[in-house]
Amino acid sequence: MVAGSITEEVALAVPAELLWKAVFATGDESSMRNVLTGLSDMAVKVDGDGRPGSRYTLKFNPGVGAATVHLKSRLVARDDAARVITYDEVAVNGGEVPVAAAQLKSQVVQYKVDPTGAGGCVAKLLVEYESLDGTPLSPADETKLIKGYVGLMKKVEENIIARPGEFA
């Protein structure tokens with residue numbers, strides 16, 4: 001049973017095909033590390049071949065004084081033609097996001113990437129969650145939760161703009 005869902009559309013100044021290829025098409029450790037470069041002391045571990053069933057562990061050690069954040073998930077489905085990818089068994093620990101995530105029994109995260117013209121795209125994020133007490137998160141906690149996923153997309157955009165040739 002889903003207690004709540006959060007949607008967010010993120011306008012990005014990179015082509016949909018390039019974004020998809022850079023971050024979602026292969027799902028291997030090297031690609032993930034490259035596209036998320038610049039997140040302080042970031043580590044990526046992929047258990048599997050990058051196809052559905054693979055498990056991902058991302059570890060972010062932000063600047064001095066900030067808490068380490070761990071993000072774990074399992075790839076459920078990837079549709080390259082529709083540019084849709086879904087992860088479940090998502091767990092977030094550390095940092096500001098876990099204030100919200102600690103209230104969750106489970107969460108499923110889906111990204112859909114659509115072209116917008118003029119070389120840009122929109123990433124449509126959907127987070128469906130089940131809370132421990134069966135009620136929706138507060139609007140403030142939903143904002144904290146989605147902010148983490150939006151931040152990852154903005155970092156990807158920044159890296160593609162800075163080094164487009166590495167992702168072509």
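At 90% relative accessibility, Ala118 counts as exposed (exposed is over 50% relative accessible area, buried under 20%, partly exposed in between, using a 1.4 Å probe and protein chains only). Ala118 sits in the loop between β6 (104-117) and β7 (120-131), and its phi is near 55°, a positive value in a residue other than glycine. Helices and strands here are DSSP runs, numbered from the N terminus: H or I with at least four residues for helices, E with at least two for strands.

A quick word on the ground rules. This is a predicted model, where local features need pLDDT of at least 70 and side-chain atom pairs count only at pLDDT 80 or more, while totals for chains, interfaces and linings use all residues. Residues are numbered from 1 along each chain as its sequence is written, and side-chain values use heavy atoms, with hydrogens and water left out.

**The sheet**

Let's look at the strands next. An open sheet of 7 strands runs in the order β1-β7-β6-β5-β4-β3-β2, with antiparallel pairing; two strands pair if DSSP finds at least two bridges between them. At the edges stand β1 (4-12) and β2 (43-47), each with a single partner strand, so one side of each is left without a neighbour in the sheet. From one strand to the next, the twist averages 20°. Angles run from 0 to 180 degrees between N-to-C directions, with axes being lines fitted to C-alpha atoms, for helices over the stretch in contact.

Inside the sheet, β4 and β5 run antiparallel and are joined by 8 bridges. One residue pair to look for is Asp79 with Val84, its bridge partner in β5. Helix α1 packs on the sheet and touches β1, β4, β5, β6 and β7, where contact means heavy atoms within 4.5 Å. The direction of α1 makes about 145° with that of β6. Helix α4 packs on the sheet too, touching β1, β3, β4, β5, β6 and β7, and its direction makes about 25° with that of β1.

**Arg83 and the salt bridges**

Where does Arg83 sit? Its place is the loop between β4 (69-79) and β5 (84-93). Phi of Arg83 is near 55°, again a positive value in a residue other than glycine. At 17% relative accessibility, Arg83 counts as buried.

Side chains of opposite charge can pair when their charged atoms come close. The whole structure holds 13 salt bridges, each being a side-chain nitrogen of Lys or Arg within 4 Å of a carboxyl oxygen of Asp or Glu. Among them are these:

| Pair | Closest N to O |
|---|---|
| Glu17 and Arg83 | 3.0 Å |
| Glu29 and Arg33 | 3.4 Å |
| Glu157 and Lys154 | 2.9 Å |

Glu17 forms its salt bridge with Arg83. Glu17 lies in helix α1 (residues 16-24) and Arg83 in the loop between β4 and β5, so the pair ties together parts that are 66 residues apart in sequence.

The other two pairs stay within a helix. Glu29 and Arg33 are 4 residues apart in helix α2 (residues 29-35), about one helical turn; Glu29 is partly exposed at 24%, and Arg33 is partly exposed at 37%. Glu157 and Lys154 lie 3 residues apart in helix α4 (residues 139-162), about one turn of the helix. Glu157 is buried at 11%, whereas Lys154 is partly exposed at 34%. Elsewhere, salt bridges that share partners join Arg55, Arg74, Asp88 and Glu89 into one network.
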